[in-house]
Amino acid sequence: MNTFPTRRLILQGAGAVALFGLGSFPFAPALAAANDKYPEDAFKQKTDADAIKALYGKTAEASDKVKLDAPEIAENGAVVPVAVTTTLSDVTSISFFVSENPNALAASYVIPAGTIPAVANRLKMAKTCNVIAIVESGGKLYSAAKEVKVTVGGCGG
Amino acid sequence: MASTIRVRAINNGDTTEVQALIQHPMDSGFVKDAKGEIIPPHFIQQLTFEHNGKTVFLADWGPAVSKDPYVKFAFKGGAKGDELKISWVDNKGTSDSTTAKIA
Amino acid sequence: MSAAKKTAMSVTRNIAFGAVLMIVGAMPARAASEADFKAAMSAAEAAEKQADQLRNKWLTTETQLAAAKKAAAAGDFDAAIAAAREAEALAIASIYQATSEKTRWKDMEVR
Amino acid sequence: MRKALPLASILALALLAPALADDKPNPAADQKAFQTYFIKRFPKVKYEDFVNGPYSMDAGLRKQWEEKEEFPPYEFAVETGKEMFATPFKNGKTYADCFANKGIGIRQNYPYFDEKEGKVVTLELALNRCREANGEAPYNYLKDEMASLTAYMAFTSRDKKMDIKIPDDPRALEAYENGKRYFYTRRGQLNFSCASCHVQSPGEHIRSEVLAPALGIMNAMPIYRSEWSGMGTTSRRLVTCNSQTRAVPLEPQSDEYRDVEYFLSYVANGLPISGPGARP
């Protein structure tokens with residue numbers, strides 16, 4: 001998959017938009033490094049804390065500006081619809097963590113400038129635990145968590 | 001064989017909403033088969049959406065994304081008839097890509 | 001009482017029922033020999049054949065029959081006989097079920 | 001003496017009458033009673049919503065379902081089925097040649113009673129017979145290709161009302177009655193009938209599942225079950241229901257299964273086809 005040239009374009013895009021006053025231009029290069037390749041190491045981490053560190057190199061603060069939508073009780077741990085939206089501006093990435101899975105990081109999304117900071121996806125959950133959403137905005141991390149009860153584990157899925 | 005990628009991209013004025021469903025086992029490497037042998041991990045690692053050569057969405061996925069993965073997002077711009085290029089690559093280096101017209 | 005509770009109760013009732021069968025089935029056979037096993041096994045298989053003719057075999061019976069064969073193959077005739085007897089008891093229960101349900105099913109019918 | 005005899009026979013008739021009335025098969029009355037039972041028991045559930053199984057009963061599940069329906073997991077099965085339908089057999093014929101209206105929008109007419117054969121013919125059976133008639137090997141009844149074909153056929157029949165006929169043929173009535181008996185007969189070590197779960201306890205949790213109402217349960221077939229992480233046919237559903245009660249399942253498309261599908265579909269007449277469905 002030759003995404004290199006297009007990746008360069010993203011950065012220019014992000015930089016350009018940043019110039020128009022959405023702020024945080026300085027962070028763009030840092031993002032470049034972070035987003036250029038598949039975060040193998042972050043996906044290998046066991047706990048959500050370690051995975052967040054490996055992925056972003058910083059810690060998150062809870063924010064009510066991050067809206068996490070996940071069911072109270074998952075109909076089946078193999079397919080749990082999880083979505084996040086945020087009112088935060090200058091969002092550059094959104095990530096999902098399932099705290100009790102063998103590896104906490106489930107999915108991480110790069111949100112280029114011009115893309116709406118909202119993602120819906122379906123995740124596997126091994127057992128009842130917290131789903132954590134991290135939104136990176138202006139180079140800072142904001143999080144929201146919700147417990148999802150799992151009666152049929154997703155490890156079979 | 002049909003594409004492994006199903007896409008719906010709908011422009012509603014200033015934004016284009018994109019939904020995609022991909023046919024992939026997303027084996028976690030934690031599941032045993034009927035014979036009790038571990039099914040080796042096999043999952044999509046990266047999924048890219050490009051509009052006019054610009055990446056509008058990039059997913060980094062681990063094995064905890066459900067079988068036949070689904071994702072939904074929206075981006076500013078894009079017009080009816082525009083092409084959206086979607087491609088994925090998995091941990092075995094297999095990949096697939098398709099182009100969808102924005103409706 | 002909720003339908004679920006009823007269901008749950010009938011489950012426990014039937015599991016308890018099964019447990020009793022197991023005790024019966026597991027009664028130790030003195031001086032278990034291959035001959036004793038063959039006798040127990042043919043009795044169990046005969047009962048299961050009858051259940052089959054009634055289209056009402058139970059998975060648990062099949063499991064015990066398999067276990068009996070396995071134990072016998074390993075030369076453990078005590079275990080083999082115990083399993084065979086449990087299989088027979090289960091098969092007899094399934095026959096009883098099929099026969100009594102020939103009329104009893106109507107009680108559940110929505111009319 | 002002359003008088004005694006008629007008198008006796010009148011008495012006899014009087015005694016027999018109720019029994020006869022009670023046992024005379026009356027599918028139309030069954031259908032009405034069956035539907036009324038569910039409508040009365042679940043006054044909040046919209047009539048045409050019963051075909052959505054547990055999702056008609058549980059708000060939390062329903063939300064997850066609606067989210068999944070935005071891009072449903074059976075999408076691939078429908079597309080595969082469509083391609084299979086368009087692909088000719090070695091002899092150049094296609095599935096369309098085996099069915100009325102080229103197989104489009106006819107799901108609601110299955111199963112039907114074939115007066116020539118004197119038996120119930122389900123859609124799955126008809127599909128494999130179509131293959132064999134055209135020199136192709138039959139498919140496994142439980143999933144994969146069979147599920148894709150039926151998924152496509154159901155999809156083209158969505159919202160059409162189930163329309164099962166019981167022709168004026170004693171064998172058809174017998175098949176219907178056999179299906180009904182099978183549905184209500186307890187089996188397996190757990191001593192459950194189909195009705196124990198799907199008539200007495202729909203909406204209730206058993207293990208982790210929310211039980212679907214029997215009314216309209218066939219209208220949603222085939223289904224993608226997260227539990228299976230894949231598609232399953234009507235045959236697969238019946239087989240798994242049996243093994244869940246710890247009964248040894250019968251052969252797919254055995255007479256009992258054909259008849260119980262006939263019964264369940266007939267009592268759901270008037271409810272829309274919602275298949276293919278997505279289920280937990």
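**Helices, sheet and hairpin in a predicted four-chain model**

Helix 2 of chain D (residues 27-41) has 15 residues and reaches 21 Å from its first C-alpha to its last, close to the 21 Å expected at 1.5 Å a residue, where the expected span is 1.5 Å times one less than the number of residues. Helices (H or I, at least four residues) and strands (E, at least two) are DSSP runs, numbered from the N terminus. The model is a predicted one, in which local features need pLDDT of at least 70 and side-chain atom pairs count only at pLDDT 80 or more, while totals for chains, interfaces and linings use all residues. Residues are numbered from 1 along each chain as its sequence is written, chains are lettered from A and ligands numbered from 1 in the order in which they are written, and side-chain values use heavy atoms, with hydrogens and water left out.

In helix 2 of chain D, the buried residues (under 20% relative accessible area with a 1.4 Å probe, protein chains only; exposed is over 50%, partly exposed in between) are Pro27(D), Asp30(D), Gln31(D), Ala33(D), Phe34(D), Gln35(D) and Phe38(D). Their cover includes helix 7 (170-184), helix 8 (194-198) and helix 10 (255-266) of chain D. Helix 3 of chain D (residues 59-69) also has buried positions, namely Leu61(D), Gln64(D), Trp65(D) and Lys68(D). These residues cover an arc of only 105° around the axis, so they lie on the same side of helix 3 of chain D; the arc is that of the directions from the helix axis to the C-beta atoms. A handy rule applies here: an α-helix has 3.6 residues a turn, so residues three or four places apart point the same way. The cover over helix 3 of chain D draws on two chains, including strand 3 (73-74), strand 4 (80-86) and strand 7 (118-123) of chain A together with strand 4 (209-210) and strand 7 (277-279) of chain D.

Chains A and B share a sheet. It is open, with 6 strands in the order 2(A)-4(A)-7(A)-5(B)-2(B)-1(B) and antiparallel pairing; two strands pair if DSSP finds at least two bridges between them. Strand 2 (66-69) of chain A and strand 1 (5-12) of chain B stand at the edges with a single partner strand each, so one side of each has no neighbour in the sheet. Neighbouring strands are turned by 15° against each other on average, direction ignored. Helix 4 of chain D (residues 75-86) packs on this sheet, touching strand 1 and strand 2 of chain B, and its direction makes about 110° with that of strand 1 of chain B. Axes are lines fitted to C-alpha atoms, for helices over the stretch in contact (heavy atoms within 4.5 Å), and angles run from 0 to 180 degrees between N-to-C directions.

Within chain B, strand 2 (residues 15-22) and strand 5 (residues 70-76) pair antiparallel over 7 bridges, with Tyr70(B) as the bridge partner of Leu21(B). Another 7 bridges join strand 6 (residues 83-90) to strand 7 (residues 95-101) of chain B, also antiparallel, and Ser87(B) stands opposite Ser97(B). These two strands form a hairpin with 4 residues between them, where Gly93(B) in the turn has a positive phi of about 85°.

Chain A holds 4 helices and 9 strands, and 53% of its 157 residues are buried. Chain C has 4 helices and 0 strands, and 41% of its 111 residues count as buried.
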